[in-house]
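Please examine the protein structure shown here before reading on. The paragraphs that follow explain how its parts are arranged.

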Amino acid sequence: MLFELWKHPRPDAPVMRRDGQVVVSSHRLAKQVLADRERFSAANALDAITPIPTDALRELTRHRFRLPATLANNDGDSHERIRAAFGEVFAPANVEALRPWLTGLARRTAAGVAWRLRAGEAVDVDAAVSSEIPLAALARLLGLEVEAALEVKRFSRAALELFWGDPSPERQRELAGVVGPFHALLRGWTAGSTGATRELLEEYGEDAATAALFFLLVAGQETTSQFLTLLLHRLIEEPALLASAPGLIVEEGLRLLPPITSWRRVVKRDTDIGGFAVRAGESVLVWLGAAGMDEGVAECPMRMVPGQRGSRRHLAFGAGAHRCLGSQLSRMEAEVVVAELVPLLPRCRVVAAPVSDPNLSFRMPSPLVVRLAV
């Protein structure tokens, strides 16, 4: 099953057909597909993997849910302009200016977790650390007043399951009942927005501005949250890794545990991928998780060795015109969190390890519950 690809890091071939998709796992070819807008379109990037039934579609429509081409699924003339507007928000200077605030937040969060552990509690690190910090940082950068963090997380997880997961028709109706109303709330945020979102609203209209905010609020924090949970689990289980610098740990984590395991493109015309013939209209699944472990990417491609040669040659943030806008923010968040938790992680033991639900592109881990080791 395509939904289980990430469990099998060794591909059968660099390019193959599986379950109606052309799957590309070679690092070199994956990068080519992502960067080649002449032959491959991003138009299907946000399409639902599992067809949404009529009653769930009605629920979404009732709340005026729309995802016009804005960022990840936009290959039109407006993409460069929209990306440039939000690119200013995620500019290196703006991201770096968050570091003192982010460090303080991570330090307070780590102290709170340590206090609860010393009191004998079992702590869900996903909820206490991973889910809180990326959302707070993104909201601060975008200038949003996001008070109901739990509600935002509930919405973003529901959206990832609805569009990239394998839910039953009953579950799809339930998810639509979460995503639809929150999308309507996003319209309200858009109407009162400033900065890049306001520019987009005035130039391209409410639908486009709301869709961009939808994608940024979901992918802009959920990917980092999920990555942090899986990386922190790895570090608890392998404390020797903590001897390396946080930046090196994070880079190796991105290579081996990329927050987005795969992403899609549509073939625009009959062509080939590394000699493998593909037809116009076919869906291409770029298997980012396998690309990072491809032979030749790193000295020890299947092992986590922070600082090894080739560690940064991953595609965790994509490539080309659609490369992740928030890559620097995600890196900084992860580095700061790891640095602040280094004294605590070796003293933890895992009570419940994160388990991922079936999902084509996102890891979707369950809670990471820990206690102090006796």
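The description begins with the whole chain and then turns to the sheets and the helix contacts.

This is a predicted model, in which local features need pLDDT of at least 70 and side-chain atom pairs count only at pLDDT 80 or more, while totals for chains, interfaces and linings use all residues. Residues are numbered from 1 along each chain as its sequence is written, and side-chain values use heavy atoms, with hydrogens and water left out.

The protein chain contains 14 helices and 10 strands. Both are DSSP runs numbered from the N terminus, helices being H or I over at least four residues and strands being E over at least two. The C-alpha trace spans about 60 × 50 × 45 Å along its principal axes. For 374 residues, a compact globule would have a radius of gyration near 21 Å, and the value of 20 Å for the protein chain agrees with this. That radius is taken over C-alpha atoms, and the globule rule is 2.2 Å times the number of residues to the power 0.38.

One open sheet has 5 strands in the order β1-β2-β8-β5-β3, with mixed pairing. Because β1 (15-18) and β3 (40-41) stand at the edges with a single partner strand each, one side of each is left without a neighbour in the sheet. Two strands are said to pair if DSSP finds at least two bridges between them. Strand β3 runs antiparallel to β5 (residues 262-267), to which 2 bridges join it, and F40 stands opposite V267 in β5. Across β1, β2 (21-24), β3, β5 and β8 (283-287) lies helix α1 (residues 27-35), which runs at about 130° to β8. Such angles run from 0 to 180 degrees between N-to-C directions, and axes are lines fitted to C-alpha atoms, for helices over the stretch in contact.

A further open sheet is formed by 3 strands in the order β4-β10-β9, with antiparallel pairing. Here β4 (123-124) and β9 (348-352) are the edge strands, each with a single partner, so one side of each has no neighbour in the sheet. Helix α5 (residues 99-118) packs on this sheet and touches β4, β9 and β10, its direction making about 65° with that of β10. Contact means heavy atoms within 4.5 Å. Strand β4 pairs with β10 (residues 369-372) over 2 bridges, in which V123 has V370 as its partner and D124 has V369. Between β9 and β10 there are 4 bridges, and R349 stands opposite R371 in β10.

Helix α5 also meets helix α7 (residues 133-142): their axes come within 11 Å and cross at roughly 155°. This makes α5 roughly antiparallel to α7, a description that applies to angles over 145 degrees. Their crossing is right-handed, meaning that the near helix is turned clockwise from the far one by less than a right angle. In this contact, W101, L102, L105, A106 and T109 of α5 meet I133, A136, A137 and R140 of α7. These residues divide into 7 nonpolar, 1 polar and 1 charged. Ala, Val, Leu, Ile, Met, Phe, Trp, Tyr, Cys and Pro count as nonpolar, Asp, Glu, Lys and Arg as charged, and the others, Gly among them, as polar.

Another helix pair is α11 (residues 206-237) and α14 (residues 327-341), packed at an angle of about 35° with axes 11 Å apart. The crossing of α11 and α14 is right-handed. Residues in this contact include F227 and L231 of α11 and A334 and V338 of α14. By class, the contact has 9 nonpolar, 2 polar and 1 charged residues.

Definitions and conventions. Parallel < 35°, antiparallel > 145°, perpendicular 65-115°, else oblique.
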